[in-house]
Amino acid sequence: MKDVSSLMQSRIKGNYVALFNSIAQVAADYQVGVYVVGGFVRDLLLNTKNLDIDLVIEGDAISFTKKLAEKFDGQVESYEKFGTSTLRLEGRISIDVATARTEYYSYPAALPEVKPSKIKSDLFRRDFTINSMAIKLAGQGEFFLIDLFNGEVDLKNGLIRVLHDRSFVDDPCRIFRAIRFEQRFDFCIEDKTKKFINKAVESSLIAQLSGDRLINEIKILLNESSQVKCVDRMRELSILQTIAPEIFVDDFHWIVMEKLESALVWADMLLMPKKPEVWFVYFYTLFMVTKDEVFKGMMERLHFPRNIYSRMCSERECLTSAKQDLNKKKELKPSEVYDIFSKQSSETVVLLLAICSSERVKKYAELYFEKYSMSAKIELNGDDLIGMGIKPGPIFNDILKALCDARVNGQVKSREEEIILVRSRFVK
Ligand code: CTP
């Protein structure tokens, strides 16, 4: 075990060191071994900020977390089925606590069966050497690195390496993780590990993942800032083709994907009511195919969760109709621009910009968010219309639409002018 106490003191904020000291104290009282594991340790050695704390306890994680919560006055959420807990502390600090465990996979890509163990076996069940290090919280200001698989050397050499040859068989999600870490840190997947990935891909192990697990990994990957490089790497390793042969990523996909970054920066400056979800715009682009039947068939076959399926379908419809409307004629009236953009999600707006990539679309979108969406507010309501002697019915929608158009087009600027418009057009 290597003493990393001074590294911890110099790289981690003082209040975190104090927190670890207090955790070590509880572990000593409780007579269990406690370790920080995974990404936190990796990022500490890389000197990269990571405040996601994962603890492993050589004992019962749930009762240990309850003891921590008493000491720190925190909130505990426990997952009895998995024997894990999350402790939430003031200042939005959240700590995941798990019992050290060995995992058994009854068949490839299955969820593992677990048995309590010591830290050594817990580290052996993990994905890559760089993620399989732990720091023992040994006492006040005493921190020791446990590195059984030379993770530190791999970190220095920039290598993503699995611990054993069945790693991707046990959990094919790790294929995506390997790419994610490789691209995030500008590392390289080590040769043997790459061969294991090739073998797993050839054996269609990805197809054995449930739609939920597949989408979850893709989502995390597309939220990385290096997502385009990750997609390119997936293509290079034939992973994209394995997920869906239809998503043959051609020049058009790349052009759109490369434009998404600047479209997202541009969207960030607009007064959008909801910021676009980054992963979703990339996800949509990736699964963008021309033919409707091919798109629907692919979505169904991949068993993505229902909400993703319907979101993809509605996005496709919105994009198609918005593209058609925007291309109809040269200049659009403000109310026409309003009609087009008020129906779109913020993700569609970003996609529209990246796909159409015209100054015109950008201009209309800016006008919509900066001006028309605000001027569309009307003052009259249903009660006012009834007060004017109009019977409730479908006509109400026509009136409200006419008022909204008139507001956006600048023909009406006050409540009084709204009343004049309703009287002249809708009251006999
Ligand atoms: N892990 C694993 N196999 C997986 C997922 C996770 O072995 N399929 C282990 C790794 O040791 C990993 C730890 O669980 O470090 C925590 O996983 P996670 O929070 O997903 O990843 P991090 O390594 O913390 O990476 P990130 O910075 O992306 O959060």
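In the predicted model, K2 stands opposite L145 of strand β10. The pairing to which these residues belong joins β1 to β10 (residues 142-146) through two bridges, and the two strands run antiparallel. Both strands are part of an open sheet of eight strands, ordered β1-β10-β9-β2-β3-β6-β5-β4, in which the pairing is mixed. The edges of the sheet are formed by β1 (2-3) and β4, each of which has a single partner strand, so one side of each is left without a neighbour in the sheet.

At the β4 edge, strand β4 (residues 75-79) pairs with strand β5 (residues 84-89) in the antiparallel sense over five bridges. Within this pairing, Y79 has T84 of β5 as its bridge partner. The two strands form a hairpin with four residues between them, and G83, in the turn, adopts a positive phi of about 65°.

Two helices are described here in relation to the sheet. Helix α2 (residues 14-30) packs on the sheet and touches β2 (34-37), β3 (53-57), β5, β6 (93-99), β9 (134-139) and β10. The direction of α2 makes about 70° with that of β9. Helix α4 (residues 61-72) lies across β2, β3, β4, β5 and β6, and runs at about 10° to β5. Angles under 35 degrees count as roughly parallel, so α4 and β5 are roughly parallel.

The residues K2 and L145 also appear among the contacts of E152, which is found in helix α6 (residues 151-157). Leaving aside residues up to four places away in sequence, E152 touches K2, L45, M133, L145 and D147. E152 has a relative accessibility of 16% and therefore counts as buried, the limit for this class being under 20%.

The largest nonpolar core has 124 residues, and F283 and F287 are those with the most contacts inside it. A second, separate core has twelve residues, including I390, A402, V412 and L421. When residues up to four places away in sequence are not counted, F283 touches I215, I218, L222, F304, I308 and M312.

F283 also takes part in the packing of two helices. In general, two packed helices are described by the angle between their axes and the distance between the axes. For α14 and α16, the angle is about 70° and the axes are 11 Å apart. The two helices are therefore roughly perpendicular to each other. On the α14 side the contact is made by W279, F280, F283 and Y284, and on the α16 side by I308, R311, M312, E315, R316 and L319. Sorted by class, the residues of this contact comprise seven nonpolar, no polar and three charged.

Both α14 and α16 also contribute to the surroundings of helix α18 (residues 346-356). Helix α18 is mostly covered, with ten of its eleven residues buried. The buried residues are S346, E347, T348, V349, V350, L351, L352, L353, A354 and I355. The elements covering them include α13 (251-269), α14 (278-286), α16 (306-327), α17 (334-342) and α19 (359-375). Just after α18, S357 takes a positive phi of about 40°.

Within helix α19 lies L367. With a relative accessible area of 25%, L367 is partly exposed. L367 and L270 are 97 residues apart along the chain, while their C-alpha atoms are separated by 9.9 Å.

Further positive phi values occur in loops. Most residues other than glycine have a negative phi. Q31, which is not a glycine, nevertheless has a positive phi of about 60°. The residue is placed in the loop between α2 and β2, and Q31 is exposed, with a relative accessible area of 72%. S238 is likewise not a glycine and has a positive phi of about 60°. S238 is located in the loop between α11 (227-236) and α12 (239-243). At 34% relative accessibility, S238 counts as partly exposed.

Methods
Residues are numbered from 1 along each chain as its sequence is written. This is a predicted model: local features need pLDDT of at least 70, side-chain atom pairs count only at pLDDT 80 or more; totals for chains, interfaces and linings use all residues. Side-chain values use heavy atoms; hydrogens and water are left out. Buried means under 20% relative accessible area, exposed over 50%, partly exposed in between (1.4 Å probe, protein chains only). Contact means heavy atoms within 4.5 Å. Two strands pair if DSSP finds at least two bridges between them. A nonpolar core is a set of buried Ala, Val, Leu, Ile, Met, Phe, Trp, Tyr and Cys residues joined through side-chain atoms within 4.5 Å. Axes are lines fitted to C-alpha atoms, for helices over the stretch in contact, and angles run from 0 to 180 degrees between N-to-C directions. Angles under 35 degrees count as roughly parallel, over 145 as roughly antiparallel, 65 to 115 as roughly perpendicular and the rest as oblique. Ala, Val, Leu, Ile, Met, Phe, Trp, Tyr, Cys and Pro count as nonpolar, Asp, Glu, Lys and Arg as charged, and the others, Gly among them, as polar.
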